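Q: Please take a close look at one part of the structure shown below, and set it in the context of the whole chain.
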Amino acid sequence: RDAGRLTGEGKSETDINAKLVEAIVALRRQNADKALAASPARMQDIAKAFIDNLTSLQSQSVDACYGFISKGETTPVAVSLVQKPEEGAALHAKLQAVNAAIAEGRKTPVTRAHPQKSDYDLLASELGTIGWSQADIQLFADPKALSEAPREQVCKMVRDWFSAHLAVKDEAAKERLLFETLRPVVAG
């Protein structure tokens, strides 16, 4: 309805897409608790789609990847991809993964515990297998320091972070870790 009104007012496609993205983001945020109550499989789908989307954006530019990490779907690059299904396939897959999780979490919610120290130890081990040092873990845990790191490094670290979560072999630990890590992706 808003898109039709904006078209009638002579607004540009960019303005219409921006309005559409704002509505998608608002809906995602309003239903974050439902998405985070979805099954472990749906949580993993969101994480995989998020990684794929970042990889796709980084293939366009480091700034596109970093912008998405910082501002989500409201970045100019993401807004431009909303109406381009082929170019924006990874973004659309991420949006679909979140929407599927919302629907499932609404219908059959799962209650989860927060991660335990042992879960983070497993995660640190997985990060170590892909080459992260203790200094890398400390950098990632410090938002101020991470914001000052080179954008390319931040994009790689965020993708690595999610990949390491998915590589945790203990399914219960993976579920608790993803629940916590996906919170800003879904609610932010």
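What pattern does the protein chain follow when read along the sequence? Then, for the close look: which residues of α11 meet α4, and which meet α12?

A: The model is predicted. Read along the sequence, the protein chain follows the pattern α-α-α-α-α-α-α-α-α-α-α-α. That pattern corresponds to 12 helices and 0 strands. The radius of gyration is 17 Å, close to the 16 Å that the globule rule gives for 188 residues, so the chain is as compact as a globular protein of that length. Its C-alpha atoms fill a box of roughly 55 × 40 × 30 Å along the principal axes. Of the 188 residues, 43% count as buried. Among contacts between residues at least 6 apart in sequence, 71% join residues at least 24 apart.

The close look starts with α11 and α4. Two packed helices are described by the angle between their axes and the distance between the axes. Helix α11 covers residues 151-167 and helix α4 covers residues 40-60; their axes come within 10 Å and cross at roughly 155°. An angle over 145 degrees counts as roughly antiparallel, and α4 and α11 are therefore roughly antiparallel to each other. The crossing in which α4 passes α11 is left-handed. On the α11 side, the residues that meet α4 are E152, C155, V158, R159, F162, S163 and L166. On the α4 side, the partners are Q44, A47, K48, F50, I51, L54, T55 and Q58. By class, the residues of this contact divide into 8 nonpolar, 4 polar and 3 charged.

The second partner to consider is α12, which spans residues 171-187. The axes of α11 and α12 come within 9 Å and cross at roughly 155°. That angle makes α11 roughly antiparallel to α12. Here too the crossing is left-handed, with α11 passing α12. From α11, the residues W161, F162, H165 and L166 take part, and they meet K174, L177, L178, T181, L182 and V185 in α12. The contact of α11 with α12 has 7 nonpolar, 2 polar and 1 charged residues. F162 and L166 are listed in the contact of α11 with α4, and F162 and L166 are also listed in the contact of α11 with α12.

K174 links these elements. K174 lies in α12. At 7% relative accessibility, K174 counts as buried, the cut-off being under 20%. Not counting residues up to four places away in sequence, K174 touches Q44, H165, L166 and V168. Of these, Q44 belongs to the α4 side of the contact between α4 and α11, while H165 and L166 are among the α11 residues that meet α12.

W161, one of the α11 residues that meet α12, also has a partner outside the helix pairs described so far. W132 is found in the loop between α8 (117-129) and α9 (134-141). W132 and W161 are 29 residues apart in sequence, and their C-alpha atoms are 9.8 Å apart in space. Leaving aside neighbours within four places in sequence, W132 is in contact with L127, I137, F140, M157, D160 and W161. W132 is buried, with a relative accessible area of 10%.

Before the start of α11 comes A149, in the loop between α10 (143-148) and α11. A149 counts as buried at 12% relative accessibility. Beyond residues up to four places away in sequence, A149 touches L139 and V154. A149 and L166 are 17 residues apart along the chain, and 24 Å separates their C-alpha atoms.

Finally, α4 has a further contact, with helix α7 (residues 89-107). The axes of α4 and α7 come within 8 Å and cross at roughly 165°. That makes α4 roughly antiparallel to α7, and the crossing is left-handed. The α4 residues involved are R42, D45, I46, A49, F50, D52, N53 and S56, which meet A90, L91, A93, K94, A97, V98, A100, A101 and E104 in α7. This contact has 10 nonpolar, 2 polar and 5 charged residues. F50 of α4 is listed in the contact with α7, and F50 is also listed in the contact with α11.

Notes. Residues are numbered from 1 along each chain as its sequence is written. This is a predicted model: local features need pLDDT of at least 70, side-chain atom pairs count only at pLDDT 80 or more; totals for chains, interfaces and linings use all residues. Side-chain values use heavy atoms; hydrogens and water are left out. Axes are lines fitted to C-alpha atoms, for helices over the stretch in contact, and angles run from 0 to 180 degrees between N-to-C directions. Helices (H or I, at least four residues) and strands (E, at least two) are DSSP runs, numbered from the N terminus. Angles under 35 degrees count as roughly parallel, over 145 as roughly antiparallel, 65 to 115 as roughly perpendicular and the rest as oblique. A crossing is left-handed if the near helix is turned anticlockwise from the far one by less than a right angle, and right-handed if clockwise. Contact means heavy atoms within 4.5 Å. Ala, Val, Leu, Ile, Met, Phe, Trp, Tyr, Cys and Pro count as nonpolar, Asp, Glu, Lys and Arg as charged, and the others, Gly among them, as polar. The radius of gyration is taken over C-alpha atoms; the globule rule is 2.2 Å times the number of residues to the power 0.38. Buried means under 20% relative accessible area, exposed over 50%, partly exposed in between (1.4 Å probe, protein chains only).
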